[in-house]
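User: I am new to this structure. Please pick one part, look at it closely, and explain how it fits with its surroundings.

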Amino acid sequence: MSLVGKVAVVTGAAQGIGRGIALRLARDGADLVVVDIAQDRLDGVCEDIQALGRKVIAVAADISVRDQVFAVIEQAVQHFGGVDIMVNNAGVAQVRALVDVTPEDMGRIFQINVNGTLWGIQAAAQAFRKLERRGKIINACSIAGHEGYAFLGVYSATKFAVRGLTQAAAKELAPHGITVNAYCPGVVGTDMWVEIDRRMAEATGAEIGATYRKYVNGIALGRAETPDDVAAFVAWLACADSDYMTGQSVLIDGGLVFR
């Protein structure tokens, strides 16, 4: 899969799945705009991308703030002359019983996971249309966007919302040649899952590691997912081989949730 000559923006690129996606797209030939809440967190991934012979710029942005997301795309266009791929990867998890969720909890996670995805869709679509490019928008969903999970209820709600945005955006943007799809990972061995496991232990009284092991034991392929597993699928969504696919939120979880 070649992405030579393409420019990709990846949010939440400093670590975990986002870092894996950025490096995979670079290996496939894309130049990158890597985005995170703090620019200094991106130094390592920028060095790795440059070592692959690709160009990269790092941009600090809070994706929950619409103007900042639009500014990211503007910087991409100014620096590289255009943009072709938008990966709305950044997001946060929240472990809490539904009966304990506060307005502040709801506001924060929806602002990042849902609003941030929408702002990314808007900013990318505006740029693609102005540049007259058949761009690709790729959103981070989750197995929790296909099935609600206890103590992850609000997080699940945000990911169901991402599925809805993905479908609606695909229908609205198809006449412009823009595709919109989402990837739905399962249990990935990243810092986010370390935090989910710790919070689950606090909420349920389970020992540290028990929740992680329980879910991994339910994976048909017999192992936890890696960022590279997710990145390989995102790279396919980013390349020409997926040009006839749009509006889909695809499970990439090793066989944990079946639909």
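Analyst: A residue is called buried when its relative accessible area is under 20%, exposed when it is over 50%, and partly exposed in between, using a 1.4 Å probe and protein chains only. Helices (H or I, at least four residues) and strands (E, at least two) are DSSP runs, numbered from the N terminus. The model is predicted: local features need pLDDT of at least 70 and side-chain atom pairs count only at pLDDT 80 or more, while totals for chains, interfaces and linings use all residues. Residue numbers start from 1 along each chain as its sequence is written, and side-chain values use heavy atoms, with hydrogens and water left out.

The part chosen here is strand β5, together with what lies around it. Five of the five residues of β5 are buried, so the rest of the structure largely encloses this strand. In a regular strand the side chains alternate between the two faces of the sheet. In β5, Lys136, Ile138 and Ala140 lie on one side, with Ile137 and Asn139 on the other, and both faces are covered.

The sheet itself is open and has seven strands, in the order β3-β2-β1-β4-β5-β6-β7, with parallel pairing. Its edges are β3 (56-60) and β7 (249-252), each of which pairs on one side only. From one strand to the next the twist averages 20°. (Axes are lines fitted to C-alpha atoms, for helices over the stretch in contact, and angles run from 0 to 180 degrees between N-to-C directions.)

Which strands flank β5 in the sheet order? They are β4 and β6. Two strands count as paired if DSSP finds at least two bridges between them. Strands β4 and β5 run parallel and are joined by four bridges; isoleucine 85 has lysine 136 of β5 as its bridge partner. To get from β4 to β5, the chain passes through helix α4 (residues 103-131) in a right-handed β-α-β crossover. Right-handed here means that, with the strands pointing away from the viewer, the path from the first strand over the helix to the second runs clockwise.

On the other side, β5 (residues 136-140) pairs with β6 (residues 179-185) over five bridges, again in the parallel sense. Lysine 136 faces threonine 179 of β6, isoleucine 137 faces valine 180, and asparagine 139 faces alanine 182. The connection is a second right-handed β-α-β unit, made of β5, helix α5 (residues 153-173) and β6.

Strand β6 is buried in seven of its seven residues, so it too is largely enclosed by the rest of the structure. Thr179, Asn181, Tyr183 and Pro185 point one way from β6, while Val180, Ala182 and Cys184 point the other way. Four bridges link β6 to β7, and the two run parallel; cysteine 184 has leucine 251 of β7 as its bridge partner. Strand β7 also holds serine 249, which is buried at a relative accessible area of 13%. Not counting residues up to four places away in sequence, serine 249 touches His146, Arg163, Thr166, Ala182 and Cys184, where a contact means heavy atoms within 4.5 Å.

Helix α8 (residues 227-238) packs on the sheet and touches β4 (85-88), β5, β6 and β7; its direction makes about 170° with that of β6.

The loop between β5 and α5 contains leucine 152, which counts as buried at 6% relative accessibility. Its C-alpha is 7.5 Å from that of alanine 97, although the two are 55 residues apart in sequence. Beyond its neighbours within four places in sequence, leucine 152 contacts Gln94, Val95 and Met200.

Tyrosine 155 is in helix α5 and is buried, with a relative accessible area of 9%. An unreviewed UniProt entry places an "active site" feature at Tyr155. UniProt positions are given in the numbering used here, feature names are shortened, and annotations may be inferred rather than shown by experiment. Leaving aside neighbours within four places in sequence, tyrosine 155 is in contact with Val92, Ala93, Gln94, Ile109, Asn113, Ser142 and Ala144. The unreviewed entry also gives "domain: Ketoreductase" at residues 6-186. That span is 48% helix and 18% strand, and its end C-alpha atoms lie 28 Å apart.
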